[in-house]
Amino acid sequence: MNTRSIDTTRLQRIARAYSETAVFYAALDLEVFTHIAHGVDTEPALAEAMGASALNTERLLTVLRAMGLVEHRDGRYANAPDAARYLVKGAPAYAAPWMTFTRGDVPGWFRLGEILRDSTPPSTLGMYADLTVESARAYHAATYSIGMGAGKRFCREVDLGGRKRLLDLGGGSGAYSINAVTRYPGLRAVVLDLPPVVEVTREYLLANGVADRVDTLAGDFTTTPLPTDCDVAVMASNLPIYNAETIRRVVRRVFDALPPGGEFHLVGEMLHADGNGPLDAALWGMYEAVCGSAGRAHSVSECRDYFADAGFGAISDAVFVAGTLHRVTGVKPA
Ligand SMILES: C[S@@+](CC[C@H](N)C(=O)[O-])C[C@H]1O[C@@H](n2cnc3c(N)ncnc32)[C@H](O)[C@@H]1O
């Protein structure tokens with residue numbers, strides 16, 4: 001029998017979860033982690049560096065300590081390991097652009113009840129419908145800051161040795177392709193993304209010195225003919241943007257484009273097979289309501305089903321990033 005008493009603690013925490021986000025954004029705005037990394041590690045010094053009063057500095061640091069983002073010892077502050085790696089401006093893995101990339105959607109989230117009752121038909125491309133080169137550049141500064149780590153992980157986990165050409169669907173900054181051709185010198189790649197995006201992709205390919213081995217293809221992966229000279233394909237981090245019908249169709253299109261023996265990796269925010277979380281995947285599905293698309297959260301079992309339906313064999317799945325990304329893989333029978 002469950003003897004735990006029921007109280008409102010959990011509900012109260014959920015009710016004010018937005019305040020944690022707001023403090024996080026403020027800490028990034030005031031560059032507190034960057035200051036600490038540069039040795040500005042006492043309260044008075046931080047107050048001066050941030051241009052905040054002593055009282056507000058104390059308030060901020062008190063919350064950041066409670067959130068476990070900074071540590072306090074003998075009057076001095078230190079960044080927690082993840083804050084030190086990802087939140088210090090100028091650090092190689094600086095990921096603040098990604099951390100704040102949905103900030104503009106805050107008003108939408110707070111109108112969610114209204115949005116959920118809105119009967120306006122969803123748009124096919126959701127947040128990507130009005131993309132310009134400029135907005136794609138800002139967006140992919142964010143995805144690049146996190147995608148390079150994911151791309152590296154993908155290339156560590158998936159053996160691309162012996163493969164000739166990678167098709168990177170919705171490749172964005174090209175993070176997966178950049179990592180792939182860097183790690184596998186014999187490999188070439190092609191990033192297929194929307195026309196404004198591939199302009200930006202090329203900038204990242206040039207900056208990483210791989211423009212001679214990674215091509216770009218401007219198009220829509222739901223309709224544009226897919227290259228047929230790729231023997232491996234990946235589609236990463238755009239799963240919830242689309243509904244089941246579209247993802248099923250895209251998986252089938254990839255199957256048709258691959259040669260026998262070719263493999264496809266779908267990396268995305270996926271629900272567990274039983275649909276019970278993880279919360280992050282569920283919330284990315286809800287984000288599509290805020291963006292006005294027809295997208296939703298897909299489960300691992302649904303994704304495996306899309307692969308089986310298309311004809312893929314040797315279907316497997318694995319956690320890619322615990323609590324958020326999962327990878328489903330299939331091989332086109334020889
Ligand atoms: C969240 S980003 C992920 C980028 C990259 N795969 C990564 O993981 O770093 C999603 C990308 O999918 C692209 N995308 C979405 N729908 C698309 C479509 N129908 N055709 C081509 N690209 C699409 C977007 O433009 C965007 O660049």
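The side chain of Ser293 reaches the backbone nitrogen of Gly295 at 2.9 Å. Ser293 also makes a side-chain polar contact with Glu288, at 2.6 Å. The model is predicted. The points below cover Ser293, the ligand site, helix α13 and three further buried residues, Asp168, Ser145 and Gly108.

**Ser293 and its loop**

- Ser293 sits in the loop that runs between α14 (279-291) and β8.
- Its relative accessible area is 8%, so Ser293 counts as buried, the limit being under 20%.
- Two partners are given for its side chain: the side chain of Glu288 and the backbone nitrogen of Gly295.

**The ligand site**

- The ligand is surrounded by 18 residues.
- Asp193, Asp220, Phe221, Ala236 and Tyr242 are the closest of them.
- By type, the shell holds nine nonpolar, seven polar and two charged residues.
- Backbone atoms approach ligand nitrogen at two residues. A polar backbone atom of Gly170 is 3.0 Å from a nitrogen atom of the ligand. For Ala236, a backbone N or O atom lies 2.9 Å from a nitrogen atom of the ligand.
- A side chain takes part as well: an N or O atom in the side chain of Asn238 is 3.2 Å from an oxygen atom of the ligand.
- On its own, the ligand has 590 Å² of accessible area, and the protein covers 97% of that.

**Helix α13**

- Helix α13 has 14 residues and covers positions 244-257.
- Its end C-alpha atoms are 20 Å apart. That agrees with the expected span of 20 Å, because the helix should advance 1.5 Å a residue.
- Buried residues in α13 are Thr246, Ile247, Val250, Val251, Arg253, Val254, Phe255 and Ala257.
- An α-helix has 3.6 residues a turn, so residues three or four places apart point the same way.
- Strands that help cover the buried residues of α13 include β3 (165-169), β6 (232-236), β7 (263-271) and β8 (298-299).
- Helix α15 (300-310) is also among the elements that cover them.

**Asp168 in strand β3**

- Asp168 belongs to strand β3, which is one of the elements covering the buried residues of α13.
- Asp168 is buried because its relative accessible area is 2%, under the 20% limit.
- The side chains of Asp168 and Ser177 are joined by a polar contact of 2.8 Å.
- Leaving out residues up to four places away in sequence, Asp168 touches Gly174, Tyr176, Ser177, Val190, Val191, Leu192 and Val234.
- Asp168 and Val232 are 64 residues apart along the chain, with their C-alpha atoms separated by 8.8 Å.

**Ser145 in helix α10**

- Ser145 is part of helix α10, residues 133-157.
- At a relative accessible area of 16%, Ser145 is buried.
- A polar atom of the Ser145 side chain lies 3.5 Å from the backbone nitrogen of Trp98.
- Beyond residues up to four places away in sequence, Ser145 touches Ala93, Tyr94, Ala95, Pro97 and Trp98.

**Gly108 in helix α8**

- Gly108 is found in helix α8, residues 106-109.
- Its relative accessibility is 14%, so Gly108 counts as buried.
- Gly108 touches Ile115 and Val290, with residues up to four places away in sequence not counted.
- Gly108 and Leu46 are 62 residues apart along the chain, and 33 Å separates their C-alpha atoms.

Key. Residues numbered from 1 in each chain as written. Predicted model: local features only at pLDDT ≥ 70, side-chain atom pairs only at ≥ 80, totals over all residues. Heavy atoms only, no water. Near = heavy atom within 4 Å. Polar contact = N/O pair within 3.5 Å; in protein donor to acceptor, adjacent residues only side chain to side chain. Areas by Shrake-Rupley, 256 points an atom, 1.4 Å probe, with all protein chains shown as cover. Nonpolar A, V, L, I, M, F, W, Y, C, P; charged D, E, K, R; others polar. Helix = DSSP H or I, 4+ residues; strand = E, 2+ residues; numbered from the N terminus. Expected span 1.5 Å × (residues − 1). Buried < 20%, exposed > 50% of the residue type's maximum accessible area, 1.4 Å probe, protein only. Contact = heavy atoms within 4.5 Å.
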